[in-house]
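The following note is offered to a colleague who wishes to examine packing, charge pairing and cysteine chemistry. Please read each point with the coordinates open.

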Amino acid sequence: MLDEFSARQKEEILVNRGITVHMGESRVSLMFAYKIAAQIGHLGDNVKFLRKQIQDDRIFQSLIALPSLYQTTIAHTRWASVGEISEPNCHPVDNVITQDDRDRESYESKGIIHVCLNGDIDNYLILKEEFEKETKSSIPPEITTDTKIIPLQIQKYYDSGHHIEESFRLAVNDFKGSHAIAMHTDIAPGKIFLAQRGSGQTLFIGLGKEHYVTASEIYGLVEETSRYIKMEGEKTFTGSDRKGQGQIFILDQNSSGGLAGIKAMYYDGSPVQLSEAAIKQTEITSRDIDRQDFPHFFSKEVSESSGSVEKTVQNRWRVIQKNRKRYPLIILGDKVIPPALAEVFTLNRIRRIFLIGQGTAGIAAHGCAELLRYYLADSDIRIAPLKASEFSGGLLKPDLKDTLIIAITQSGTTTDTNMAIDMAREHGAYTMAIVNRRDSDITFKVDGVLYTSTGRDIEMSVASTKAYYSQIAAGGILGLKLAQLTKRRDDDFILGELQRLMIIPSLMKKVLAREGKIAKSAHRFAPTKKYWAVVGSGYNKISADEIRIKLSELCYKTISSDVVEDKKHIDLSSEPLILVCAAGNKGDVISDIIKDTAIFKAHQATTIVIATEGEERFKPYADSLIYVPEIEERFSPILTTLAGHLWGYHAAKAIDKESRFLFDFREEISGYISTSLKKGLDIYQTILDKTFQEKTARFSIDFKKRLEERRYTTAMELKAASDLTLLLKYLSGRLPMSDFELDFGISGTAPNMFDIFFRCIGEAINDMARPIDAIRHQAKTVTVGTSRIWEPIQGLLFDTLKKNGFDVSNLTNKNVLVLKNLQEVISEIKGQTLYKIRDLTYTGEPVEDSRIELVKKQGSSSKLISRVETDNKLKGTKNIIVKAGNVFIGKGKSDNRSILVIPIMKKGPSIDHLLLLNVGLKKEMDLPKKVKALGDRFNHIKNIVEETDLSWQDDYINLLDVEELFGNSAEKIAEFIISSTGRL
């Protein structure tokens with residue numbers, strides 16, 4: 001354990017299981033780091049991996065049980081990052097920058113600093129250049145994350161004489177961009193330093209009974225406490241000489257807890273006054289994020305979508321009697337539409353309504369905008385959906401007092417959306433949010449909040465679903481309320497429209513009930529087409545845009561979204577899969593869509609059509625026809641999209657299923673190798689094992705069949721399919737291993753073949769894996785590389801090869817195994833002669849003009865005259881060895897020496913050298929070692945003996961001494977055995 005403890009401190013860069021030790025004057029500090037950085041995986045894999053790392057760390061488990069003065073922990077997941085996805089870039093990062101052991105030691109003697117970051121350090125490259133210029137030290141090239149500059153800036157100020165608290169404050173002031181930073185250091189043990197600036201990031205501090213817990217979202221706190229303080233780094237403060245943003249909180253373990261253990265300040269150092277009023281209580285519980293028994297959060301959230309829409313609409317209106325007439329009362333209180341906003345609408349002072357959002361919420365903004373335009377018909381209010389980034393980037397006006405900005409967001413933490421709201425408020429706009437999460441960042445920014453569902457319908461899947469439908473439904477409720485305030489629609493219209501909204505959940509349930517048929521369509525067609533497109537006209541262009549997003553998020557594909565009639569003018573020669581959104585379209589529009597679908601079909605496209613029940617005219621042209629209930633065209637972005645979401649979910653499952661086929665085989669092969677090694681077989685025996693080859697051959701046949709069915713067309717690259725096909729042929733013994741280098745540029749040794757196989761199949765699995773609830777760069781990969789589970793081949797013969805400039809990469813796998821077994825017979829190398837082979841055919845065959853040249857002689861061989869010195873024609877035994885490519889052991893014809901001839905491939909797949917060894921053989925050997933060393937010759941001897949009806953016994957081998965046994969042919973040995981037993 002002590003050796004492991006020492007070894008884990010020697011890593012030059014902070015990686016998984018890294019340990020950092022700092023010996024202070026009165027205490028010892030230990031930092032343990034656990035990391036996972038990979039591209040693809042299933043939700044929960046990261047946490048499972050990290051927990052197991054901690055659980056299995058015997059050093060950590062031993063030390064954590066000892067008394068300690070202070071303990072602090074930072075846990076962090078970052079979905080996107082500057083720099084490649086790697087352990088060196090994975091957070092936390094530290095304040096070590098050099099790779100020289102002496103410099104490293106002196107640098108760490110100042111203290112250990114570990115930092116995590118959400119957000120971006122926009123001026124990272126400038127600060128990095130300045131730092132390296134000032135310190136004459138360089139950041140290791142493996143580290144490309146912008147986070148690395150944070151501990152270095154802190155260290156820089158600390159080195160210049162500032163207290164660590166002031167060093168942290170000065171450093172975070174240097175960083176441009178929205179950020180949330182967490183740091184702990186043994187310079188100030190027992191403290192967590194937090195900094196947050198800008199509207200793109202959030203930090204919450206949970207107040208437990210005996211601890212603090214900080215998180216970027218409320219959900220990180222609720223299992224520990226419902227009480228929290230929110231950092232408000234987006235708020236502007238007025239400092240001594242300028243206005244600024246940013247707050248710093250320092251949590252102190254050595255305190256009585258609560259507010260007493262929190263030191264808060266602005267970025268300029270002035271104090272933030274915290275009072276009991278700053279403590280909030282959340283209604284969210286851990287039940288809100290429970291996946292229950294669903295295989296994926298996506299599946300759970302889609303199945304809950306009708307209920308979410310129902311909760312969004314119900315209890316938001318009722319019918320009362322007014323002047324003896326039924327009057328629709330829309331119940332949106334002052335927290336949704338503040339009195340001041342209601343008044344300006346009543347007085348017709350609002351001239352513009354912009355609905356903003358990003359991604360799926362941005363598409364929902366389009367659906368809401370269409371409903372508002374319909375409900376506020378003939379008004380002079382300009383209604384437009386905008387990307388939040390477009391609004392803040394180019395459409396912001398100095399005076400927005402006549403403008404309502406409605407932000408649509410699922411999480412309430414989207415950077416662009418929140419920044420746009422901040423900017424709009426600064427210019428006098430009224431602001432609202434349609435949001436899914438209570439207590440999310442945006443709810444503290446806007447004038448009014450309209451929660452979808454109950455405000456607790458949390459979406460954990462990256463690909464948002466039920467929030468989208470509910471956002472459009474909420475937009476409908478809000479639009480009708482505004483129609484009442486502006487008197488653009490009468491009571492009967494509003495009442496009828498509310499009733500239509502209430503029917504939508506039941507229609508959604510009908511679509512959900514057809515999930516089985518939709519799944520069959522996706523499993524049949526999704527894996528077979530490389531290029532996909534989604535098209536829709538009118539309101540269904542909204543559906544197409546949202547389905548495109550979901551297919552991209554779930555299936556990792558670049559997909560186009562077009563108006564139906566435009567698609568036929570775009571190149572269709574790629575024979576794509578086209579998903580046609582047509583449900584809800586009426587009259588001439590649907591007729592034109594049918595004609596366009598016929599054109600798609602004529603261009604060999606696969607057409608998946610979502611149409612209204614009863615629409616039969618698509619049947620001749622649709623490879624798959626998905627029906628949804630009839631609905632008003634303005635609500636089609638809900639039902640059509642729901643069908644598209646389901647198709648996308650099952651498309652991802654279908655593609656992932658093919659990756660599992662590869663994954664399972666890889667696990668089977670890995671397990672087989674491990675089992676073989678445990679049985680005492682080496683990697684060379686395994687690769688030549690008939691059971692292994694048959695196992696690989698069976699898989700190869702199944703894989704080829706899947707390729708022919710185009711099951712890998714959608715995601716696997718042609719090179720990956722070609723390489724994997726070739727590798728399977730090599731591993732199953734159907735291609736000569738000597739050709740391996742021609743195909744893969746590396747010799748066909750067993751380790752090389754397995755290395756390339758595992759890498760190739762790993763990349764193929766990565767290409768095909770679709771984890772549904774995650775995206776490529778946020779979760780643990782399902783293609784964890786197989787480690788080198790074989791030991792290097794060593795021994796007398798291999799040492800001799802090495803001295804002559806060769807190694808196992810210059811041998812066939814069979815010859816490696818033969819030599820390994822023959823080493824048990826050989827006691828010494830008396831002499832050696834190296835020959836070079838020339839003028840073989842392109843395929844390595846010896847011909848009449850082939851030549852052999854003497855390269856060198858050593859030892860006992862140096863005194864002998866070789867025939868090659870006078871006649872360099874390749875012939876006799878050496879010709880046979882070159883042609884067959886097999887190791888030869890026997891006796892020299894002229895001098896009766898025991899010789900071993902090794903065929904060598906130095907350049908390319910052909911035999912181009914022979915190494916002839918004059919060997920000494922052991923006098924005594926165990927029978928099993930003799931049998932093993934004889935190899936194929938043993939079976940040859942046995943077969944010849946058994947042809948005489950003599951019952952074979954392995955002890956017959958002991959009838960010959962070792963020199964005779966390995967110096968004669970199988971026929972002569974068999975003849976001697978038969979003669980010795982009296983049966984000749």
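**Notes on packing, salt bridges and cysteines**

1. Leaving aside neighbours within four places in sequence, Val-901 is in contact with Ile-881, Val-887, Phe-888, Leu-914, Leu-915 and Leu-916. The model under review is a predicted one. Val-901 belongs to strand β30, which spans residues 898–904, and its relative accessibility of 4% places Val-901 among the buried residues. A useful long-range reference is Val-446: Val-901 and Val-446 are separated by 455 residues in sequence and by 85 Å in space, C-alpha to C-alpha.

2. Which residues have the most contacts inside the largest nonpolar core? They are Ile-353, Trp-647, Leu-662 and Leu-900, in a core of 170 residues. Helix α20 (residues 636–678) supplies the largest share of this core, with 17 residues. Another core lies apart from it and holds 34 residues, including Leu-117, Ile-143, Ala-171 and Ile-187.

3. The surroundings of Trp-647 merit a separate look. Beyond its neighbours within four places in sequence, Trp-647 is in contact with Ile-518, Ser-521, Ala-522, Ala-526 and Trp-532, among others. The list of contacts for Trp-647 also includes Leu-551, Leu-577, Leu-579, Ile-608 and Ile-626.

4. On the surface, a nonpolar patch is formed by Met-23, Val-28, Leu-30, Leu-63 and Leu-66, which together have about 450 Å² of accessible area. Leu-63 sits in helix α3 (residues 58–64). With a relative accessible area of 32%, Leu-63 is classed as partly exposed.

5. How many salt bridges does the structure hold? The count is 50. One of them joins the side chains of Lys-156 and Glu-134, at 3.9 Å from N to O. Because Lys-156 is in helix α6 (residues 149–159) and Glu-134 is in helix α5 (residues 124–135), the pair ties together parts that are 22 residues apart in sequence. Lys-156 is partly exposed, its relative accessible area being 23%.

6. Is the salt bridge partner Asp-562 buried or exposed? Asp-562 has a relative accessible area of 15% and is therefore buried. Its side chain meets that of Lys-567 in a salt bridge of 3.7 Å, N to O. Lys-567 is buried as well, with a relative accessible area of 6%.

7. A further salt bridge links Lys-923 with Glu-963, whose closest N and O atoms are 3.9 Å apart. Lys-923 is in the loop between β31 (913–921) and α29 (927–934), while Glu-963 is in helix α31 (residues 962–967), so this pair ties together parts that are 40 residues apart in sequence. Lys-923 counts as exposed at 64% relative accessibility, whereas Glu-963 is partly exposed at 32% relative accessible area. Elsewhere, salt bridges with shared partners join Glu-4, Arg-8, Arg-17, Asp-57 and Arg-58 into one network.

8. The last point concerns sulfur. A search of the whole structure finds 0 disulfides. Why does Cys-555 lack a bond to its closest cysteine sulfur? That sulfur belongs to Cys-581 and is 15 Å from the sulfur of Cys-555, which is too far for a bond. The cut-off for a disulfide is a pair of cysteine sulfur atoms within 2.5 Å. Cys-555 counts as buried, at 0% relative accessibility. Cys-760 also counts as buried, at 8% relative accessibility.

Conventions
Residues are numbered from 1 along each chain as its sequence is written. This is a predicted model: local features need pLDDT of at least 70, side-chain atom pairs count only at pLDDT 80 or more; totals for chains, interfaces and linings use all residues. Side-chain values use heavy atoms; hydrogens and water are left out. A nonpolar core is a set of buried Ala, Val, Leu, Ile, Met, Phe, Trp, Tyr and Cys residues joined through side-chain atoms within 4.5 Å. Buried means under 20% relative accessible area, exposed over 50%, partly exposed in between (1.4 Å probe, protein chains only). Helices (H or I, at least four residues) and strands (E, at least two) are DSSP runs, numbered from the N terminus. Contact means heavy atoms within 4.5 Å. Patches are made of residues with over 30% relative accessible area and no salt bridge: like charges are joined within 9 Å, nonpolar side chains (Val, Leu, Ile, Met, Phe, Trp, Tyr) within 5 Å. Accessible areas come from the Shrake-Rupley method with a 1.4 Å probe; for residues, only the protein chains shown count as cover. A salt bridge is a side-chain nitrogen of Lys or Arg within 4 Å of a carboxyl oxygen of Asp or Glu.
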